[in-house]
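Trainee: I should like to work through this model with you, one question at a time. May we begin with a single residue and then widen the view?

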Amino acid sequence: YPLCALSPTTVYESSCTTKYVEKQPGKFVGDTGCEKLPVEICGAGCVFDEGEEECHEKVLTSLVDVPEEVCDLNPQKTCRFVTKLVPKLSPQHQCTIVPKETCILKFTQPKQVPKPLLTRWCLDPTPAAPGESYDENDALGAPLGRR
């Protein structure tokens, strides 16, 4: 902390940390904790001078679980009584097999898949009329980069 001769001001800065805890095999949960740290600021009559901008590149890897649905056909037997028109009415037992779909969610290990970002630009020298939207299918020329 700096030593101050004239009326120091105490401000609080937040300091946060995140730990990833494995709750189940392959399942990580972020546990974030923050605390306020006191900082004394001295500077009666001081002026701030803006310095040069500093830039740093930071790459973050993000993993997302994508559920996969797995389905099986499990036939089930459904029975009901059927009445037929015969001289003597008597109910008969009749069974049918009805296929039934059973689904479960299956989580697999996440994997990174590269996906290209494509931007197509088209040149059309004709000016657009007011309120008119532009569709590349109506363009006079082909999109750039496509032959």
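**Questions on a predicted model**

Mentor: D72 is found in strand β3, which spans residues 67-82. Please bear in mind throughout that this is a predicted model.

Trainee: Is D72 buried, partly exposed or exposed?

Mentor: Buried requires a relative accessible area under 20%, and exposed requires one over 50%. The relative accessibility of D72 is 48%. Because that value falls between the two limits, D72 counts as partly exposed.

Trainee: Which residues does D72 touch, leaving aside those up to four places away in sequence?

Mentor: One partner, K100, is 28 residues from D72 in sequence, while the two C-alpha atoms are 8.4 Å apart in space. A contact requires heavy atoms within 4.5 Å. With residues up to four places away left out, D72 touches K100, E101 and T102.

Trainee: How many strands does the protein chain have?

Mentor: The secondary structure includes zero helices. From the N terminus on, the elements run β-β-β-β. The count of strands is therefore four.

Trainee: What share of the contacts between residues at least 6 apart in sequence joins residues at least 24 apart?

Mentor: The protein chain has 147 residues, of which 3% are buried. Among its contacts between residues at least 6 apart in sequence, the share that joins residues at least 24 apart is 50%.

Trainee: In which sense do β1 and β2 pair, and over how many bridges?

Mentor: Two of the bridge partnerships can be named: T18 has T32 as its partner in β2, and K19 has D31. The hairpin of β1 and β2 has two residues between the strands, and G26 takes a positive phi near 85 degrees there. The pairing of β1 and β2 is antiparallel, over 15 bridges.

Trainee: Which cysteines are joined by a disulfide?

Mentor: A disulfide is a covalent bond between the sulfur atoms of two cysteines. The criterion is a pair of cysteine sulfur atoms within 2.5 Å, and the count comes to one disulfide. Its S to S distance is 2.0 Å, and the residues joined are C16 and C34.

Trainee: Where in the chain do the two ends of that disulfide lie?

Mentor: The pair links distant parts of the chain, 18 residues apart. C16 belongs to strand β1, residues 9-24, and C34 to strand β2, residues 27-41.

Trainee: What is the handedness of the link between C16 and C34?

Mentor: The angle to consider is the one about the S-S bond, which is 115 degrees. With that angle, the link of C16 and C34 is right-handed.

Trainee: Which class of exposure applies to C34?

Mentor: C16 has a relative accessible area of 46% and is partly exposed. For C34 the relative accessibility is 53%. Exposed means over 50%, so C34 counts as exposed.

Trainee: Which class applies to C95 and C103?

Mentor: The relative accessibility of C95 is 42%, and the relative accessible area of C103 is 34%. Partly exposed covers values between 20% and 50%. C95 is therefore partly exposed, and C103 is likewise partly exposed.

Trainee: How do the residues lining the largest pocket divide by character?

Mentor: The largest pocket holds about 240 Å³ of space. Its lining consists of Y20, G26, K27, F28, L63, V64, D65, Q109 and P110. These residues divide into five nonpolar, two polar and two charged.

Trainee: Which residues does D65 touch, not counting those up to four places away in sequence?

Mentor: D65 lies in the loop between β2 and β3, and at 30% relative accessibility D65 counts as partly exposed. The C-alpha atoms of D65 and K27 are separated by 8.9 Å, although the residues are 38 apart along the chain. With the neighbours in sequence left out, D65 touches K27, F107, T108 and P110.

Trainee: What is the distance in space between Q112 and V64, C-alpha to C-alpha?

Mentor: Q112 lies in the segment after β4, the strand of residues 92-107. With a relative accessible area of 57%, Q112 is exposed. Q112 and V64 are 48 residues apart in sequence, and their C-alpha distance in space is 9.2 Å.

Note on methods: Residues numbered from 1 in each chain as written. Predicted model: local features only at pLDDT ≥ 70, side-chain atom pairs only at ≥ 80, totals over all residues. Heavy atoms only, no water. Buried < 20%, exposed > 50% of the residue type's maximum accessible area, 1.4 Å probe, protein only. 1 Å grid on protein atoms, 1.4 Å probe; cavity = no way out; pocket = protein on both sides within 12 Å on 5 of 7 lines; lining within 4 Å. Points joined across faces, edges and corners; volume = space filled by probe spheres on them. Nonpolar A, V, L, I, M, F, W, Y, C, P; charged D, E, K, R; others polar. Pairing = 2+ DSSP bridges.
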